[in-house]
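Q: I am in my first year and would like a close look at a single part of this protein model. Please take me through it slowly and explain each term as you use it.

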Amino acid sequence: MSTIIAGHFQLQDEIADARLALLSAGFAAARISAFYVNPAGQHDMHELGGDHDKSPGARESDEGVVKGGATGAVAGAVIGSATIPIAGPVGPVVGALVGAHVGSLYSLHKMKEAGEPDEDGSNVQPPRKAGMLIAVAVDDTAQEDKALDILRRLHAVDIERAEGTISGGDWGDFNPNSLPVPA
């Protein structure tokens, strides 16, 4: 793993100019990677598509549905037991089923409200912006300063610092969902 300095450009021609500037400054071609970052939600990181296997706002909904369903089933069975003289032995069963259903629906309040921050703050910081990205792996602070100078001089935006591996011109461990760390 090494430090990686990356910057966004609007056009492919700007990426080509940045690649030439980095090569002219002595950076090896195999340690430079350029690619397009898809918009958030379109990274297709999971089999069914998207960035996450579960909606970030629904992380706690499974737990809430189980708790609500169990509580509702118990309450429904108790109420259903009171109806045994009228409904017969089916009363507690029907009461438990209806109670479980109502309880699981009520439990949806466990889901996060829009804009409510996650415990780790990951939904408060804006995600990485879509667009053309060029990245270069650096070995030390002198190279880091040189890469930053080149990207700033060429008017890169959203310049960031990351840890990773660029090999053969491919940033193999790039995670588009990671929160960018400004450089």
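A: What follows is a walk through strand β4, its salt bridges and the loop before it, and then helix α1.

This is a predicted model, in which local features need pLDDT of at least 70 and side-chain atom pairs count only at pLDDT 80 or more, while totals for chains, interfaces and linings use all residues. Residues are numbered from 1 along each chain as its sequence is written, and side-chain values use heavy atoms, with hydrogens and water left out.

Helices (H or I, at least four residues) and strands (E, at least two) are DSSP runs, numbered from the N terminus. The structure holds 4 salt bridges, a salt bridge being a side-chain nitrogen of Lys or Arg within 4 Å of a carboxyl oxygen of Asp or Glu. One of them joins the side chains of Arg-128 and Glu-160, at 2.6 Å from N to O. Arg-128 sits in the loop between α4 and β3 and Glu-160 in strand β4, so this pair ties together parts that are 32 residues apart in sequence. Both Arg-128 and Glu-160 are buried, where buried means under 20% relative accessible area, exposed over 50%, and partly exposed in between (1.4 Å probe, protein chains only).

Another salt bridge is formed by the side chains of Asp-158 and Lys-129, at 3.6 Å from N to O. Because Asp-158 lies in strand β4 and Lys-129 in the loop between α4 and β3, the pair ties together parts that are 29 residues apart in sequence. Asp-158 is partly exposed, with a relative accessible area of 37%, whereas Lys-129 counts as exposed at 51%. The backbone of Asp-158 also deserves a look, as its phi is near 50°, a positive value in a residue other than glycine.

Glu-144 and Arg-161 form a salt bridge as well, with their closest N and O atoms 2.5 Å apart. This pair links distant parts of the chain, with Glu-144 in helix α5 and Arg-161 in strand β4, 17 residues apart. Glu-144 counts as buried at 13% relative accessibility, while Arg-161 is partly exposed, with a relative accessible area of 28%.

Now step back to the loop between α5 and β4 (157–164), where Leu-154 lies. Leu-154 is partly exposed, with a relative accessible area of 27%, and, leaving aside residues up to four places away in sequence, Leu-154 touches Phe-9, Asp-17, Ala-18 and Ala-21, contact meaning heavy atoms within 4.5 Å. The C-alpha atoms of Leu-154 and Phe-9 are separated by 9.1 Å, although these residues are 145 residues apart along the chain. His-155 is in that loop between α5 and β4 too; His-155 is exposed, with a relative accessible area of 63%, and its phi is near 65°, a positive value in a residue other than glycine.

Finally, consider helix α1, in which Ile-15, Ala-18, Ala-21 and Leu-22 are buried. Seen down the axis of α1, its buried residues fall within an arc of 125°, so they line one face of the helix; the arc is that of the directions from the helix axis to the C-beta atoms. These buried residues pack against β1 (2–9), β2 (32–37), β3 (131–138) and α5 (141–153). On the other side of α1, Gln-12, Asp-13, Leu-20 and Ser-24 are exposed.
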